[in-house]
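Biologist: Please take a close look at one helix pair in this model and explain how the two helices meet. I would then like the account to continue to the charged pairs, in terms that a first-year student can follow.

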Amino acid sequence: MSGSSRSKMPLLVATAVPILILVGVAVAAVFPSESNQGYAPEQPIPFSHKLHAGQYKIACMYCHVGPEKSRHSTVPAVGICMNCHTVVKTDSPYIQSIQKHYKEQTPVEWIRIHELPDHVTFPHNRHIAAGLACQTCHGDIQNMDRVYQYSALNMGWCLDCHRGKTTPSDVKAKMGTDAQGNVAPISCSTCHY
C-alpha cells in the first residue's frame, strides 16, 4: 500500500462508521423488533374493563364505535360514558371528572396502549368481517382491571396469523387457505404503505 493510500484510510473509516451507525438506527426505527407487549400505563381516570365488559357485559363496540365499518376502533368519547354515568355512580370523584370533561366539552387525555408504526395499517373492519373477536388481538380484555398490550403486534406476530399458524380455528375454517396455506394475504402492501 502506498503512503497516500494509508493516509486516506483513517478518513474513510471516520466517514464510513458514522454513516453505518445512522443507517442502522434508521433501519431499527423503521423495522423495530421490539414490541410493547405487556405495556400497561396508568390512565388519567382509572377504567376497569373487568367491571364494564366483564361483570356488566357491555359489548366492546358499544363504547369503541365503528370498528366493524372502519379501519379504526375509536377511543370512546366522553359522551358515551355519560350515557350511563349521568345516573350511575355520580358520587365517584372519577365520574365527576368525566362529567366535568363532558360539561366543558374536552376529551379525557387517555394514554394510547395499542400503537403500530406509521407505515403499518391495520383495518379493524376486515378482521371483524373475517370473524376475529376483539380478544384475539387484545386478549382477555373483559378480565383486565387495567388494560395492557396483550399481543406483540409486531410483523412476525401478524404474519403467523396470516399464514395460519396462530389463526383461531373457526376463522381458519371460514377463510380457507390459498395454495401456500395462507389464511390471509402476506404481500407487503397488505399491511404497509
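Modeller: The crossing of helices H4 and H5 is left-handed. The model in which this crossing appears is a predicted one. Helix H4 covers residues 78-85 and helix H5 residues 93-104, and their axes come within 10 Å of each other, crossing at roughly 125°. That angle makes H4 oblique to H5, because a pair counts as roughly perpendicular only from 65 to 115 degrees and as roughly antiparallel only over 145.

The residues that meet can be named on both sides. H4 contributes Val78, Gly79, Cys81, Met82 and His85, while H5 contributes Ile95, Ile98, Gln99, His101 and Tyr102. Sorted by class, this contact has six nonpolar residues, four polar ones and no charged residues.

Although charged residues are absent from the contact of H4 with H5, helix H5 does hold a charged pair: Lys100 forms a salt bridge with Glu104, with the closest N and O atoms 3.8 Å apart. Side chains of opposite charge can pair when their charged atoms come close. Lys100 and Glu104 are four residues apart in helix H5, so about one helical turn separates them. Glu104 is partly exposed, at 46% relative accessibility.

The structure holds three salt bridges, and the pair in H5 is one of them. Another joins Glu42 to Arg146, and here the closest N and O atoms are 3.8 Å apart. Glu42 sits in the loop between helix H1 (3-30) and helix H2 (49-55), whereas Arg146 sits in the loop between helix H7 (134-138) and helix H8 (155-162); the pair therefore ties together parts that are 104 residues apart in sequence. With a relative accessible area of 60%, Glu42 is exposed. Arg146, with a relative accessible area of 42%, is partly exposed.

There is also a salt bridge in which the side chains of Glu68 and Lys69 meet, at 4.0 Å from N to O. Glu68 has a relative accessible area of 35% and is partly exposed. Lys69 counts as exposed, because its relative accessibility is 67% and the cut-off for that class is over 50%.

To return to the part you asked about, H4 and H5 cross obliquely, in a left-handed sense, through a contact made of nonpolar and polar residues. The salt bridge between Lys100 and Glu104 belongs to H5 itself.

Methods. Residues are numbered from 1 along each chain as its sequence is written. This is a predicted model: local features need pLDDT of at least 70, side-chain atom pairs count only at pLDDT 80 or more; totals for chains, interfaces and linings use all residues. Side-chain values use heavy atoms; hydrogens and water are left out. Axes are lines fitted to C-alpha atoms, for helices over the stretch in contact, and angles run from 0 to 180 degrees between N-to-C directions. Helices (H or I, at least four residues) and strands (E, at least two) are DSSP runs, numbered from the N terminus. Angles under 35 degrees count as roughly parallel, over 145 as roughly antiparallel, 65 to 115 as roughly perpendicular and the rest as oblique. A crossing is left-handed if the near helix is turned anticlockwise from the far one by less than a right angle, and right-handed if clockwise. Contact means heavy atoms within 4.5 Å. Ala, Val, Leu, Ile, Met, Phe, Trp, Tyr, Cys and Pro count as nonpolar, Asp, Glu, Lys and Arg as charged, and the others, Gly among them, as polar. Buried means under 20% relative accessible area, exposed over 50%, partly exposed in between (1.4 Å probe, protein chains only).
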